[in-house]
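Please read this note with the model open beside you, and take the numbered points in order. Each point dwells on one part of the chain, so that you can find the residues for yourself before reading on.

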Amino acid sequence: MPLSDEEQRILDEIEARLAQDDPRLVEQVGRTTLSTHLSRRIRLSSLAFGVGFFLMLFSFATELWVAAVGFVVMVLSALLVARYTRQLGRDQVRALQQEGGLSSAFARIVARIRRPSEPPPQ
């Protein structure tokens, strides 16, 4: 349902005030897309997976509870990567691969996770 003229005017006023009050926020929101947001989260989750792996690897022999925490971090971060990858979608993965947002090897892995029965995008 389209906005009425009065509602559109009010919305335009709110946008103008926001642009005056916080132009940096308006610029950041204008240039951030869903794919850049999700790819940032995938990178952070992958980093957390690496941290959990090293926690588990280097503390297994000495402190078993620290290794267990590392394992939990690995599992949770892997679940997050899978969730964010599903949210990306096949077309967005292909666009990220073409624009260099993801390395080609990582993009192929993401595409395989996304649709295991289909061949990876070329």
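What percentage of the 122 residues in the chain do buried residues make up?

1. The answer is that buried residues make up 21% of the 122 residues, and it should be kept in mind throughout that this is a predicted model. The chain holds 6 helices and 0 strands, and when it is read along the sequence it follows the pattern α-α-α-α-α-α. Among the contacts in the chain with a separation of 6 or more, 55% are accounted for by residues that are 24 or more positions apart.

2. At the start of the description stand helix H1, which covers residues 5-21, and helix H2, which covers residues 23-31; these two pack at an angle of about 110 degrees, and their axes are 5 Å apart. H1 is therefore roughly perpendicular to H2, since angles of 65 to 115 degrees are counted in that class. From H1, the residues Leu18, Ala19, Gln20 and Asp21 meet Pro23, Leu25 and Val26 of H2. Sorted by class, the contact of H1 with H2 has 5 nonpolar residues, 1 polar residue and 1 charged residue.

3. A further pair to examine is helix H3, residues 34-59, with helix H4, residues 64-88, whose axes come within 7 Å and cross at roughly 160 degrees. Why is H3 described as roughly antiparallel to H4? The crossing angle of roughly 160 degrees makes H3 roughly antiparallel to H4, because an angle over 145 degrees is placed in that class. The crossing in which H3 passes H4 is left-handed, and the residues of this contact divide into 18 nonpolar, 9 polar and 1 charged.

4. Two distances help to relate H3 to residues further along the sequence, and both are taken from C-alpha to C-alpha. Serine 46 has its place in helix H3 and is partly exposed, with a relative accessible area of 31%; its C-alpha atom is separated by 8.9 Å from that of leucine 80, although the two residues are 34 residues apart along the chain. Glycine 50 also lies in helix H3 and is partly exposed, with a relative accessible area of 23%; glycine 50 and serine 77 are 27 residues apart in sequence, yet 9.2 Å apart in space.

5. How many aromatic pairs does the structure hold? There are 2 of them, and one is formed by phenylalanine 53 with phenylalanine 54, whose rings are 5.7 Å apart from centre to centre, with 70 degrees between the planes, in an edge-to-face arrangement. The rings of phenylalanine 54 and phenylalanine 58 also have their centres 5.7 Å apart, but their planes lie at 5 degrees, so this pair is stacked. The reasoning rests on the angle between the planes, because planes under 30 degrees apart count as stacked, whereas those over 60 count as edge-to-face. Together, Phe53, Phe54 and Phe58 form one aromatic cluster.

6. The positions of these residues in the sequence deserve a careful look as well, for phenylalanine 54 and phenylalanine 58 are 4 residues apart in helix H3 and are therefore separated by about one helical turn. Is phenylalanine 58 buried or exposed? Phenylalanine 58 counts as exposed, because its relative accessibility is 63% and the class begins over 50%. Phenylalanine 53, at 35% relative accessibility, counts as partly exposed, and phenylalanine 54, at 46%, likewise counts as partly exposed. Phenylalanine 58 can also be related to glycine 70, for the two are 12 residues apart in sequence and 9.8 Å apart in space, C-alpha to C-alpha.

7. The last residue to consider is serine 59, which is found in helix H3. Serine 59 is buried, because its relative accessible area is 9% and the limit for that class is under 20%. Which residues does serine 59 touch, not counting residues up to four places away in sequence? They are Leu64, Val66 and Ala67. It is worth setting this buried residue beside phenylalanine 58, which counts as exposed, and finding both of them in helix H3.

Key. Residues numbered from 1 in each chain as written. Predicted model: local features only at pLDDT ≥ 70, side-chain atom pairs only at ≥ 80, totals over all residues. Heavy atoms only, no water. Axes fitted to C-alpha atoms, helices over the stretch in contact; angles between N-to-C directions. Parallel < 35°, antiparallel > 145°, perpendicular 65-115°, else oblique. Left-handed = near helix turned anticlockwise from the far one by under 90°. Nonpolar A, V, L, I, M, F, W, Y, C, P; charged D, E, K, R; others polar. Phe/Tyr/Trp six-rings, centres within 6.5 Å; stacked < 30°, edge-to-face > 60°. Buried < 20%, exposed > 50% of the residue type's maximum accessible area, 1.4 Å probe, protein only. Contact = heavy atoms within 4.5 Å.
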